[in-house]
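User: I have a structure to go through for class. Could you help me read it?
Analyst: Certainly; please show it.

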Amino acid sequence: MDKLDIILEKLSSIDNRINSIDDKLEAMEKKNQAEHKEIHRKLDTMISATAKNTEDITELKAL
């Protein structure tokens with residue numbers, strides 16, 4: 001192998017590692033987006049429950 005072949009082989013190896021890292025980052029981003037949606041869903045549930053509890057307390061005070 002001449003120097004050019006060695007350089008091309010090393011560049012190919014680097015490219016493969018970069019692609020692997022890109023794939024991992026993409027997977028992490030998708031996971032984070034899913035977790036973000038789940039957190040917002042839980043937060044919305046908590047806000048709704050708090051609002052309902054506040055209404056219930058207001059009604060009880062009115063009795």
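Analyst: Let us begin with a term: accessible area comes from the Shrake-Rupley method with a 1.4 Å probe. Please note also that this is a predicted model.

User: OK, how much area does the protein chain expose?
Analyst: The protein chain exposes about 6100 Å², and carbon and sulfur atoms supply 61% of that area.

User: And what share of the residues is buried?
Analyst: Of the 63 residues, 0% count as buried.

User: How many helices and strands are there?
Analyst: The protein chain has 1 helix and 0 strands. Its radius of gyration is 27 Å, whereas the globule rule gives 11 Å for 63 residues, so the chain is more spread out than a compact globule.

User: What does the C-alpha trace span along its principal axes?
Analyst: The spans are about 90 × 10 × 5 Å. As for two individual residues, N53 and K3 are 50 residues apart along the chain, and 74 Å separates their C-alpha atoms.

User: Where is N53, then?
Analyst: N53 is in helix 1. It counts as partly exposed because its relative accessibility is 44%.

User: New topic: which residues make the nonpolar surface patch?
Analyst: The patch, of about 550 Å², is formed by L4, I7, L8, L11, I14 and I18. One of these residues, L4, belongs to helix 1, which covers residues 3-62.

User: Why does L4 count as exposed?
Analyst: L4 counts as exposed because its relative accessibility is 52%, and the cut-off for exposed is over 50%.

User: Last one: how many charged side chains are there?
Analyst: There are 11 positive and 14 negative side chains, and the centres of the two sets are 4 Å apart.

Key. Residues numbered from 1 in each chain as written. Predicted model: local features only at pLDDT ≥ 70, side-chain atom pairs only at ≥ 80, totals over all residues. Heavy atoms only, no water. Patch = residues over 30% accessible without salt bridge, like charges linked within 9 Å, V, L, I, M, F, W, Y side chains within 5 Å. Salt bridge = Lys/Arg side-chain N within 4 Å of Asp/Glu carboxyl O. Helix = DSSP H or I, 4+ residues; strand = E, 2+ residues; numbered from the N terminus. Buried < 20%, exposed > 50% of the residue type's maximum accessible area, 1.4 Å probe, protein only. Rg over C-alpha atoms; globule rule 2.2 N^0.38 Å. Lys, Arg positive; Asp, Glu negative; His and termini not counted. Charge placed at Lys NZ, Arg CZ, Asp CG, Glu CD.
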